[in-house]
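Q: Please take a close look at one part of this model: the side of one chain that touches its partner, and a helix pair that contributes there.

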Amino acid sequence: MTEAVAPPPNAVAEGKRRRARMRAREAEQKRVRSLVTPEGAALNLKISTFSERFGAFILDVSLQFVIMFAIIFSIAFIAGAFDFNGWQIAWAVAQVLIFFVRNFYFIFFEIGRKAATPGKRALGLRVADRKGGRLTANAVIARNFLRELEFFLPLSVLFSFGAEGVAGWVNWLLLIWCGIFVLFPLFNKDKLRIGDLVAGTMVIHAPKVQLLDDIASATPARESTSAIVFTPAQLDVYGIHELHVLEDVLRQSTPEIKRNVANRIADKIGYAPQTGETDLAFLETFYAALRRHLEQRMLFGQRKEDKYDQR
Amino acid sequence: MSDRVMKSYRFREEREADWKQLEQIIARAESRGVGGLSDKDMERLPGLYRQAVSSLSVARTISLDQNVVAYLETLCARAYFFVYGTRSRMSERIAQFFARDWAAAVSAAKGPTLLAFLCLFGGALLAFFLTLNDNEWYWTFHSGWDSRNPNASYDELRATLYETDRKIVDMLGAFAAQLFSHNSGIAIFAFALGFAFGIPTAVLLIYNGVYLGSFYAVFWQKGLAYELTGWLFIHGVTELFAVILAGAAGFMIGGAVAFPGRKTRMQSMREAGEKAAMVIIGAVVTLFLAALLEGFGRQLINSDTVRYTIAGSSLIFWLGYFYLPRRGVGDRRD
């Protein structure tokens with residue numbers, strides 16, 4: 001490869017981008033807690049972020065409201081058939097049901113097999129024991145009753161006091177209290193709230209991942225692509241990061257993006273496109289060749305992280 | 001042709017069917033529980049799980065296919081949580097809780113329970129004597145809207161203790177209101193506030209005791225103590241027991257935080273939290289029963305003797321349930 005002595009004009013920008021990427025990867029690594037199973041294999045569990053948890057919480061609270069309204073409306077509908085006494089009974093029954101929804105919604109779902117409320121499930125979260133042991137019902141109960149204290153108590157007091165015009169500093173104090181508890185997960189590395197602390201639990205991000213077809217196996221036109229051959233020098237241009245980007249491009253992007261990427265790769269490695277070959281065929285063949293090349297090097301202990309990694 | 005086939009591709013091709021099978025079994029188990037698995041599934045599961053875990057370790061070192069590695073990570077995590085997770089069913093667990101775990105947790109926490117008891121009744125006694133000496137104390141503890149105050153007459157006070165018209169609607173209403181009354185809130189907060197060394201828990205308990213004691217003094221002065229006791233304790237035995245248990249749960253956590261011993265504070269809090277949770281969930285159940293007794297029992301039964309009988313038998317029942325030694329049934333726990 002012929003490298004120019006003077007750095008290319010966008011070298012500074014590229015360097016910055018690379019450093020940003022490395023920082024992002026490091027931050028991502030910080031979220032990983034490895035859990036050694038009794039078989040001695042390490043599972044990498046990812047701690048969920050504060051925003052994920054907050055989103056799940058909002059979802060759950062909204063869902064609770066929906067359930068409560070559904071209860072009230074359906075009971076009102078039934079009670080509508082009776083006289084005034086019917087309404088009183090209806091209100092009492094609704095209150096009892098709402099009591100259960102309000103207090104046992106989180107506990108019911110988290111004790112369940114998926115160890116997650118619907119909101120958490122929607123965002124791919126689940127509750128797990130911090131030590132990797134089994135999640136006990138007691139831990140779930142403890143972490144959820146503490147939520148009352150962390151969030152609902154200060155909130156309700158805030159609402160009931162604000163109206164009556166109690167001393168302003170009390171409200172401020174409550175607001176600070178609320179803030180400390182709500183923002184507590186931001187200030188520790190495991191993103192634990194007080195309830196997690198007491199119960200010895202953590203919330204992990206473990207979404208279901210579908211096993212997709214191996215790109216290297218999807219060879220649409222084997223006869224025509226078999227003509228495409230790359231030299232080792234051409235394959236040495238890129239590293240693992242670029243391979244992964246290429247994988248994402250192949251799995252989920254528009255034909256225009258694929259064409260652009262194909263052109264840039266061809267440019268960079270100095271490859272002359274043959275007549276009649278499609279961008280997709282080129283990219284897939286290149287992906288397979290690059291992966292094979294990098295995997296082979298990896299077996300010999302050389303991990304080429306990205307295109308700047310000159311090994 | 002064979003040149004194109006990579007190690008990582010062959011690796012995947014050989015094992016993919018097994019991974020898929022494991023995924024199916026886990027999905028079935030997650031949606032329908034262990035009961036949803038056939039004998040054949042159960043037989044296959046351990047082998048498939050171990051294979052997936054070892055596949056993951058291999059894939060990390062030889063494969064650069066992001067999707068495969070991510071897939072195996074989550075598959076193994078899900079399988080791990082299932083294989084090493086809880087296996088007992090909800091109904092079994094609930095039965096076990098009432099049969100043994102709850103009583104065991106409560107009787108193991110005699111110290112904190114005694115402390116909570118002293119806080120509650122200490123506060124009550126204090127307020128009782130203060131109010132007996134000087135009625136002004138009553139107003140320190142209560143706000144003005146309650147009609148049951150020292151200025152009320154004997155008849156007015158007596159009227160509040162007995163129900164004349166009994167409608168099922170009112171009972172249901174009283175029951176529901178009771179659920180929402182501050183009791184369950186107090187119980188939960190007495191527990192939740194425990195981690196601040198148990199101090200807020202103590203304050204909460206004493207405050208409730210004071211409230212009760214001054215109230216009692218008002219009736220005592222009018223010579224209604226006997227009637228009030230029946231009115232109060234038909235459900236009060238159960239309810240106060242629950243509040244004391246909640247306080248005890250709070251003290252357990254507070255004590256663990258304040259005096260962790262040789263463990264780290266976190267570890268100690270965590271272990272106490274486990275045990276205290278058992279006590280507190282029981283307290284909530286008890287409060288539910290108390291609400292039933294208060295909503296229906298108190299309205300239906302206007303005879304002092306029957307009220308006392310119920311109060312006494314509930315006391316005997318709870319004491320026996322919690323503290324009578326029972327035959328150990330192994331120590332399986334979930």
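A: What follows covers the interface side of chain A, then one helix pair in that chain. This is a predicted model, where local features need pLDDT of at least 70, side-chain atom pairs count only at pLDDT 80 or more, and totals for chains, interfaces and linings use all residues. Residues are numbered from 1 along each chain as its sequence is written, while chains are lettered from A and ligands numbered from 1 in the order in which they are written.

In chain A, 53 residues are in contact with 57 residues of chain B (contact: C-beta atoms, placed from the backbone, within 7 Å). The elements of chain A giving two or more residues to this side are strand 2 (42-47), helix 3 (84-111), helix 5 (137-164), helix 7 (194-199), helix 10 (240-251) and helix 12 (279-299). Helices (H or I, at least four residues) and strands (E, at least two) are DSSP runs, numbered from the N terminus. Helix 5 of chain A gives the most, with ten residues. By class, the side of chain A that touches chain B holds 32 nonpolar, ten polar and eleven charged residues. Here Ala, Val, Leu, Ile, Met, Phe, Trp, Tyr, Cys and Pro count as nonpolar, Asp, Glu, Lys and Arg as charged, and the others, Gly among them, as polar.

Now the helix pair. Helix 10 and helix 12 of chain A pack at about 150°, their axes 10 Å apart. Axes are lines fitted to C-alpha atoms, for helices over the stretch in contact, and angles run from 0 to 180 degrees between N-to-C directions. From helix 10 of chain A come A:Ile240, A:Leu243, A:Leu246, A:Glu247 and A:Leu250; they meet A:Leu283, A:Glu284, A:Tyr287, A:Leu290, A:Arg291 and A:Leu294 in helix 12 of chain A. This contact has eight nonpolar, no polar and three charged residues.

Notes:
Two residues are in contact if their C-beta atoms, placed from the backbone, lie within 7 Å.
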